[in-house]
Amino acid sequence: MGSSPSAPASPAAVMLHVGAHKTASTHLQKTLFLNRDILADQGCVYLGPDRLRRDLKIPGLHRRPKAIATRIKPLLEVVQAEQAAGRRLLLSDENIMGGGPKPPALAQGEILYPKLQSQITVLLDALELRDVTVCLALRNPLDLLVSAWGHQFRRGDLQGFDHFCADVAPLALRWSEVVLRVLSCGGVKNVLVWRHEDYARLLNPLLIALSGCRPDTALRHPERDGGSAFLIGPSARALQLVPELIADTSGLDAKVALRRAMRRFPKSHDHPAPQPFRADQVAQAKAQYLADWDKLAGMTGVACLTP
């Protein structure tokens with residue numbers, strides 16, 4: 001496929017959005033949630049983290065098949081009912097990737113998301129789904145690692161970047177390898193990909209491609225709140241300030257210190273994200289990422305959404 005796709009023709013299509021982490025998935029999910037009634041009126045049922053981590057929870061896919069079958073039954077019943085009614089399904093949860101935004105779940109050695117293939121295979125088997133389109137946002141691997149590292153600070157984990165990436169080969173990571181593994185999963189028909197770097201310009205076409213809604217549909221967009229709801233990472237200056245705040249205030253929790261530092265130095269043009277990689281590594285990674293995107297555009301079964 002390799003070009004910007006139109007919305008899939010079948011209203012009964014199944015779209016599985018799995019992330020990736022740190023690619024504006026939270027913003028996308030909030031936008032879909034905000035428009036869920038509009039989408040439903042046009043035949044698309046959106047099930048996001050608000051359902052897939054609660055009343056229709058996707059169980060740990062590492063469990064034994066019998067345990068998965070028991071725990072996933074509420075979701076299976078909804079999926080089957082919506083399919084029987086001829087409605088399109090859009091499921092979205094980055095936990096399907098096989099863990100949070102931290103190695104080894106995020107990356108191990110030369111591989112991004114090493115558990116993704118088995119996770120998708122088990123999930124689709126449990127839900128008895130076939131001809132599924134897996135939807136995946138990509139990001140420059142170096143930027144992804146740096147953003148994921150900043151995310152750990154938000155959780156109170158103040159480990160250094162070298163320790164965070166100790167078992168990862170950043171310049172060897174390729175999204176095309178991830179997509180090939182996804183395409184090999186039973187039940188997967190094709191893969192829709194887009195670049196995080198294009199997200200702001202792509203949002204409306206992306207919503208149409210995922211939901212199948214009419215191009216002229218007036219969709220709402222969530223308001224920004226300074227970064228909390230959308231998990232915007234810390235600036236380099238904020239990270240530098242954290243140990244100073246902890247040293248100056250006895251008993252100060254690391255997460256509280258980071259919030260204070262981020263309020264004082266929010267990520268912006270004046271206070272950019274941290275950059276632990278050398279300039280030559282950044283340049284090499286950028287060139288590789290662009291070449292990898294070109295490779296994806298030429299792959300059978302892959303649709304690359306572009307502005």
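**Strand pairing, helix packing and salt bridges**

L16 stands opposite V134 in strand 6. This pair belongs to the contact between strand 1 (residues 14-19) and strand 6, which run parallel and are joined by five bridges. Helices and strands here are DSSP runs numbered from the N terminus (helices H or I, at least four residues; strands E, at least two), and two strands pair if DSSP finds at least two bridges between them. The model is predicted, so local features need pLDDT of at least 70 and side-chain atom pairs pLDDT 80 or more, while totals for chains, interfaces and linings use all residues. Residues are numbered from 1 along each chain as its sequence is written, and side-chain values use heavy atoms, leaving out hydrogens and water.

Strands 1 and 6 are part of an open sheet of six strands in the order 2-3-1-6-7-8, with parallel pairing. At the edges stand strand 2 (44-47) and strand 8 (302-305); each has a single partner strand, so one side of each is left without a neighbour in the sheet. On average, neighbouring strands of this sheet are turned by 20° against each other, direction ignored.

It helps to follow the sheet outward from strand 6 (residues 132-138). Seven of the seven residues in strand 6 are buried (under 20% relative accessible area with a 1.4 Å probe, protein chains only; exposed is over 50% and partly exposed lies in between). V132, V134, L136 and L138 point one way from strand 6, T133, C135 and A137 point the other way, and all are buried. In a regular strand the side chains alternate between the two faces of the sheet. Strand 6 is joined to strand 7 (residues 188-195) by seven bridges, and the two run parallel; V132 has V188 as its bridge partner in strand 7. Four bridges then connect strand 7 with strand 8, again in parallel, and here L192 stands opposite A303 of strand 8.

Two helices pack on this sheet, with contact taken as heavy atoms within 4.5 Å. Helix 9 (residues 175-183) touches strand 6, strand 7 and strand 8, and its direction makes about 155° with that of strand 7. Helix 10 (residues 199-211) touches strand 1, strand 2, strand 3, strand 6, strand 7 and strand 8, at about 160° to the direction of strand 7. Angles run from 0 to 180 degrees between N-to-C directions, with axes fitted to C-alpha atoms, for helices over the stretch in contact.

Helix 11 (residues 236-248) and helix 12 (residues 254-264) pack against each other at an angle of about 130°, their axes lying 8 Å apart. Helix 11 contributes A238, L239, L241, V242, L245 and I246 to the contact, and helix 12 contributes A254, A257, L258, R260, A261, M262 and R264.

Turning to charged side chains, the model holds 11 salt bridges (a Lys or Arg side-chain nitrogen within 4 Å of an Asp or Glu carboxyl oxygen). One of them pairs K102 with D157, with the closest N and O atoms 3.2 Å apart. These partners sit 55 residues apart, K102 in the loop between strand 3 (88-92) and strand 4 (107-108) and D157 in the loop between helix 7 (141-154) and helix 8 (161-164). K102 counts as partly exposed because its relative accessibility is 34%, and D157 does so at 23%. R195 and D198 meet in a salt bridge at 3.1 Å, N to O, and both are buried. R214 and D216 also form a salt bridge, at 3.7 Å, but these two residues are exposed. Finally, R53, D93 and E94 are linked in a salt-bridge network.
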